[in-house]
Structure formats: structure tokens, C-alpha cells
Amino acid sequence: MASLDDMRQPGFPPAGTTRRERFAEWVDRHSGTFFIAPCVTLILIFAIFPTIYSIFFAVSRVRFTPDGLKFRYVGFRNFSKQFFGSSEVHFLGRTDPVSLFGYAVFAIVTVAVVVWLWRSRKITTWVGMLGRTISAAMAIFLSWILCASLLSGNSIGTLYTTLFYVFVGCALQFAIGTGLAFLCSQPISGKNFFRVIFFIPLMITPLGVGYAMRMVADVTKGPIEPILGFMGLQDWIWSADAWSARFMMVVSDSWQWIPFIFICMLAAFENVSRDHVEAAQVDGASSPQIFKEITWPQILPVAVTVLLIRMIEAFKIVDLPNIMTGGGPGSATESMTLHSMYIWRANDLGSSAAIAYLLLILTVVVCASFFNYVVLGQIKKARA
């Protein structure tokens, strides 16, 4: 039996209510749970279960039989061969020989990371220290691969090709998209026309973008053929050189995703308080000062969120290199996703799942580090 004090508590059904009324009130209190339950159930069925099931692929050697799939547990062998085995050069690139310059850069980066980690021990909790240790270990590992491959004159693998697409591509897209958004937020004539034009590439499917950019970049019949002829580069083929092919992937990917940055940043610029801007103009502040002190702090949360979303999406690039170059020349333009897809086509399901999980780990660590050490730092600095 409930006491009188319990009955006076909020949410407790008043005395004399029927069972149906109490049930209706209970349903009303838990309506939020009932509304999200179908969505959570679908996620459990179609997302979490396949993710867990793929772990069995990653730690097994999978073989097709007349009765279906046969699994043989191999531990972390599918992972280890990406670092030390037959797929090392494909995944990490050539890391031998290492030049003196590579060793010097690696030593400088390692010392800087260790000093940063040592200074962090006094300003964070043990949980934060654990996260910083993981970020530091990843930074040291990635710096060693960079110094042993690219900075030593060797070729890079799908790991750094993916990072090249992420960092170079996202930086270029953010700079151009933010610049276009800032221009279209100004009181200029015809800005609504340009808003529509800049947004069109985002409505095209990645498949269409890939074929369109392959035709545009055709050095024999495309629109750049006269330009190459004028510059004396009639025999130059961008798809035959590793770095020109990678830059073409970045240009094509940027053409597709700059509209996403543009439309999000345009909304941020449109929501900047005009009262603050006008007050700064009355006080004699210049345009760069207004942008730095007033506009940028207000759009910063949107800017870093858009950039973070774009980085997560860039890690999964697969359409453009598959359509435009087929991952070539060699494997120069292969991303980790495309690498995983090609291995899957070769029926090596275990290695394909292992590469997918390596991509997951890389994405989580890089994006979490970017958010914690760059995004939050910039937001705190803007609010100070």
C-alpha cells in the first residue's frame, strides 16, 4: 500500500482512478521510449548484428563449400599480414630503405608527441590520459610510416592514400566551400542564382560524378585537351602518374562535396548576428577584424561539425577511384575501402573484414583526436 506522502508525489496517479486511466498515464510517461523503440530495434537488427558477425570473418579464414561458408579460426593473422606479411607493401607502402631525413623527421615528431603526452598528465584525468596515450601511439605509428615511405622516396600504400584523400581533400573543400558561402552571404546581386548553381553537384550520384569527371579529365578528347596542347603537354597522361592521379581524385571529390560545405556554412553565415557586426562597423573595425572577432566565433561550432562529418565520410571514399582509375596506376589511388572491396571480390573475406576494421580504428582515433584536441580547443579559445 502506498502512503499519503507517496500519493502526493508528481506522476503518481490520484486516488480513485481506474486501471485504464492508470495505464494511459503510464503510456504517456513512457511515450518517448515507445517512439524510439522501432528505430533502436532496426539498428540492432540491421547494423549491430552484421557488425558483430563480421568480427568472425576478421578472425577467421573463410572458405566456400557446397554447404555454405566454412570458418577456420586464425586469430589476428588477417590483421598481422597487413603489417608484416604478404599485404604489407600494399597496405603500408614500401618502408625500406629509410633515409636519414626520414629518421630525423621521425625523431622530431616522436619527441614532440612524448613531450605533449608528458605535459598532459597534470591537466587531465586517467581516462583522458588513456585517450591521449592512444592518440600519441597512433601519431607515432603514422609518422613512422610517413617517414619510412614518402619522406624516404618510397611509395605509399592504401593507408596513406586514404589519409591523403581525407586531409588534403577536406582542407581544400572546406576552404573553397567556406569562401563561396561567405561571398553568397554578402549583399551582392545575383547571389540566389549562384546559390543554386553551387548546390547542383551535390544532387548528382557518385557514379555519375565519377564518369563525368573521367570524361572531363580525358586528355585526348576532353575540355582540357586544348589547354594541354597549348602548354606543350600533349603526351602527358594524368592517370599514368601516381600523384597526378591522386590529385585528380581530390579534385573530383571536391567538386562533389564542396556544395555540402557551402550550404552548411551559408546557413551559419546567415545566422550571424547583424547587430554585432553593425556595432563593430560603427566602432571603426575593419572587415578582417570583424570576421576574426565576431563572425568566426559564431560560425565556429558549425564549421568544425561540418568538417568532422566530412572527414568521416572521406574515409569511406570508394566510388571515384574505382570508376576513374580502377585503383591505378598499380594501386596508387586505392583507398582502404576500395582495397577491402577488391580483396572481397577475390573471395578473401577474412582479410577484407580485417581491413574494414583497421579503417574503423583509424577513423575513430583520427576523428576523436581531431574533435578533442582541435575542435574543443578552438571552441574554448573562441569563448574565452
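This report covers side-chain pairings, cysteines, aromatic rings and two buried polar residues in a predicted model.

## Salt bridges

Side chains of opposite charge can pair when their charged atoms come close. Across the whole structure, the search returns five salt bridges. Three are described here, starting with one inside a single helix.

Arg29 and Glu25 form a salt bridge with an N to O distance of 3.8 Å. That value falls inside the 4 Å cut-off, so the pair counts. Both residues belong to helix 2, which covers residues 19-29. They sit four residues apart, so about one helical turn separates them. Neither end is buried: Arg29 is partly exposed at 45% relative accessibility, and Glu25 is partly exposed at 26%.

## A bridge between two helices

Glu270 and Arg195 also meet in a salt bridge, at 2.4 Å from N to O. Glu270 is in helix 12 (residues 242-270), while Arg195 is in helix 9 (residues 191-199). The pair therefore ties together parts that lie 75 residues apart in sequence. Glu270 has 40% relative accessibility and counts as partly exposed. Arg195 is partly exposed too, at 22%. The limit for buried is under 20%, so Arg195 does not qualify.

Another salt bridge joins Glu313 and Lys316. Their closest N and O atoms are 3.5 Å apart. Glu313 is partly exposed, with a relative accessible area of 33%. Lys316 is partly exposed at 45%.

## Cysteines

How many disulfides does the whole structure hold? The search finds zero. Cys170 is in no disulfide, and its nearest cysteine sulfur belongs to Cys367, 8.7 Å away. A disulfide needs sulfur atoms within 2.5 Å, so the Cys170 and Cys367 pair fails the test. Cys170 is buried, at 4% relative accessibility.

Cys264 is in no disulfide either. For Cys264, the nearest cysteine sulfur is that of Cys170, at 13 Å. Cys264 is partly exposed, with a relative accessible area of 22%.

## Aromatic rings

A pair of aromatic rings is described by the distance of the centres and the angle of the planes. The structure has 26 aromatic pairs by the distance rule. One of them is Phe76 with Phe79. Their ring centres are 5.9 Å apart and their planes meet at 55°, so the pair is tilted. Edge-to-face would require over 60 degrees, which is why this pair is not in that class.

The two rings differ in exposure. Phe76 is exposed, at 61% relative accessibility. Phe79 is buried, with a relative accessible area of 14%.

Elsewhere, five residues form one aromatic cluster: Phe49, Tyr53, Phe56, Phe57 and Phe71.

## Charges over rings

Two arginines sit over tryptophan rings. Arg121 lies over the face of Trp118, 3.8 Å from the ring centre. Arg246 places its charged end over the ring of Trp243. Here the distance to the ring centre is 4.5 Å.

## Two buried polar residues

Is Ser351 buried or exposed? Ser351 is buried, at 1% relative accessibility. Ser351 lies in helix 17, which covers residues 349-383. The Ser351 side chain makes a polar contact of 2.8 Å with the side chain of Lys81. Beyond neighbours within four places in sequence, Ser351 is in contact with Asn78, Lys81, Gln82 and Ile343.

Gln82 is found in helix 4 (residues 77-83). Gln82 is buried as well, at 0% relative accessibility. Which residues does Gln82 contact, leaving aside its neighbours within four places in sequence? They are Ser87, Glu88, Phe91, Leu92, His339, Ser351, Ile355 and Leu358. Contact with Ser351 thus appears in the lists of both residues. Gln82 and Ile355 are 273 residues apart along the chain. Their C-alpha atoms are separated by 8.0 Å.

Methods. Residues numbered from 1 in each chain as written. Predicted model: local features only at pLDDT ≥ 70, side-chain atom pairs only at ≥ 80, totals over all residues. Heavy atoms only, no water. Salt bridge = Lys/Arg side-chain N within 4 Å of Asp/Glu carboxyl O. Buried < 20%, exposed > 50% of the residue type's maximum accessible area, 1.4 Å probe, protein only. Polar contact = N/O pair within 3.5 Å; in protein donor to acceptor, adjacent residues only side chain to side chain. Contact = heavy atoms within 4.5 Å. Phe/Tyr/Trp six-rings, centres within 6.5 Å; stacked < 30°, edge-to-face > 60°. Lys NZ or Arg CZ within 6 Å of the ring centre and 35° of its normal.
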